[in-house]
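Hello,

I am passing on the structure we spoke about, and below it you will find my notes on what turned up when I went through it. Please keep the structure open beside the text as you read.

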Amino acid sequence: MGKRSGERNPPSGRTSGRRAPRLPVAGMLALLLAPCATFGAQVLSIEGTGLATSNYAVQLSEGDTLDAGRVIRTNSFATCTLGWAGSPDKVVVEPSSNAELVGENPMRFRLVAGKMRFTGKDVEVATPQSTTTSKQAGSYSIALKEGKEVVEVVTGEAAVTVGAKKEQYGLHGGEELTVGADGSAKKGPIAARNEAK
């Protein structure tokens, strides 16, 4: 018997609708679960006699995992330290602070009040007047105090974008940038501010 035009040999009794389950299910699950294990921020410690809370005033505890969109608030006596699985980078939210975890890859935060310290490369912290991005593994801090923002690079290198005009500043170890409420910025050595006290 000859074949009719367009007729093909049957594909071993399978129809085209059955091919979807042939995708490696284990591989798909690993891809879905990997971001949670790899990128989720984890509360490493809460030190002091106070509390650290998150959205809707939920108290945080050591070992809690935080996803993007979570807020970390510390009262006057608490310090909350965050870390990531497989990474030496750490973010410390100081007492009387309010910070939001905006993204996890790269690590992005929004500091609303208080002070944060962090280590690591490609950590980004946005404040009302500026955005700071660490460019090297190092030690950094950002503080909002008395209408000013102070970015300190103890070690490492950071890029800071300031104000509506998006002025760019590069900071290296031992330097700080003070940003006023009006968007004005002044760069200098960290010691200069500390000596003035």
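**A hairpin to begin with**

L177 has K187 as its bridge partner in β16. That pair belongs to a larger arrangement, in which strand β15 (residues 175-179) and strand β16 (residues 185-189) run antiparallel and are joined by five bridges. The two strands, β15 and β16, make a hairpin with five residues between them, and in its turn G183 has a positive phi of about 90 degrees.

**The chain as a whole**

Before going further, please keep in mind that this is a predicted model. The mean pLDDT of the chain is 82, with 77% of its residues at 70 or more. Over residues 12-38, however, the pLDDT is below 50, and this stretch has six contacts in the model beyond near neighbours in sequence. Residues 193-197 also stay under 50 in pLDDT, and for them the model has three contacts beyond four places in sequence. Where pLDDT is low, the predicted coordinates should not be read in detail.

The chain holds two helices and 16 strands, and 36% of its 197 residues count as buried. Among the contacts with a separation of 6 or more, 37% are between residues 24 or more positions apart.

**Strand β13 and its partners**

On one side of the pairing, β13 is joined by five bridges to strand β10 (residues 130-134), and the two run antiparallel; within this pairing, T131 has T161 of β13 as its bridge partner. Six bridges join β13 to β14, again in an antiparallel arrangement, and here V162 is partnered with E167 of β14. β13 and β14 form a hairpin with four residues between them, and G163 in the turn has a positive phi of about 65 degrees.

The loop between β13 (157-162) and β14 (167-172) also contains K166, whose phi is near 55 degrees, a positive value in a residue other than glycine. Is K166 buried or exposed? Its relative accessibility is 56%, so K166 counts as exposed, the cut-off for that being over 50%.

In a regular strand the side chains alternate between the two faces of the sheet. Strand β13 shows such an alternation, since A158, V160 and V162 point to one face and are buried, while E157, A159 and T161 point to the other and are not.

**The nonpolar core and the aromatic pairs**

The largest nonpolar core has 32 residues, and those with the most contacts inside it are L66, L82, F109, V125 and L177, the last of which you met at the start as the partner of K187. Strand β8 supplies the largest share of this core, namely five residues. If neighbours within four places in sequence are left aside, the contacts of L82 include L66, I72, V91 and F109, and also the residues D89 and K90.

How many aromatic pairs does the structure hold? There are two. In one of them, W84 and F109 are arranged edge-to-face, with 6.3 Å from centre to centre and 80 degrees between the planes. This pair links distant parts of the chain, because W84 lies in strand β5 (residues 78-84) and F109 in strand β8, 25 residues apart. Both W84 and F109 are buried.

The rings of F118 and Y140 have their centres 5.2 Å apart and their planes at 15 degrees, so this pair is stacked. It too connects distant parts of the chain, with F118 in strand β8 and Y140 in strand β11 (residues 139-145), 22 residues apart. F118 counts as buried at 2% relative accessibility, and Y140 likewise counts as buried at 2%.

**Two loop residues**

S97 sits in the loop between β6 (90-93) and β7 (98-104), and yet at 3% relative accessibility S97 counts as buried. Its side chain reaches the backbone oxygen of E94 at 2.8 Å and the backbone nitrogen of K115 at 2.8 Å. Not counting residues up to four places away in sequence, S97 touches I72, R73, T74, A113, G114 and K115.

D122, in the loop between β8 (107-119) and β9 (124-126), has a positive phi of about 65 degrees although it is not a glycine. With a relative accessible area of 38%, D122 is partly exposed.

Best wishes

Key. Residues numbered from 1 in each chain as written. Heavy atoms only, no water. Buried < 20%, exposed > 50% of the residue type's maximum accessible area, 1.4 Å probe, protein only. pLDDT = per-residue confidence, 0-100. Contact = heavy atoms within 4.5 Å. Pairing = 2+ DSSP bridges. Phe/Tyr/Trp six-rings, centres within 6.5 Å; stacked < 30°, edge-to-face > 60°. Core = buried A, V, L, I, M, F, W, Y, C linked by side-chain atoms within 4.5 Å. Polar contact = N/O pair within 3.5 Å; in protein donor to acceptor, adjacent residues only side chain to side chain.
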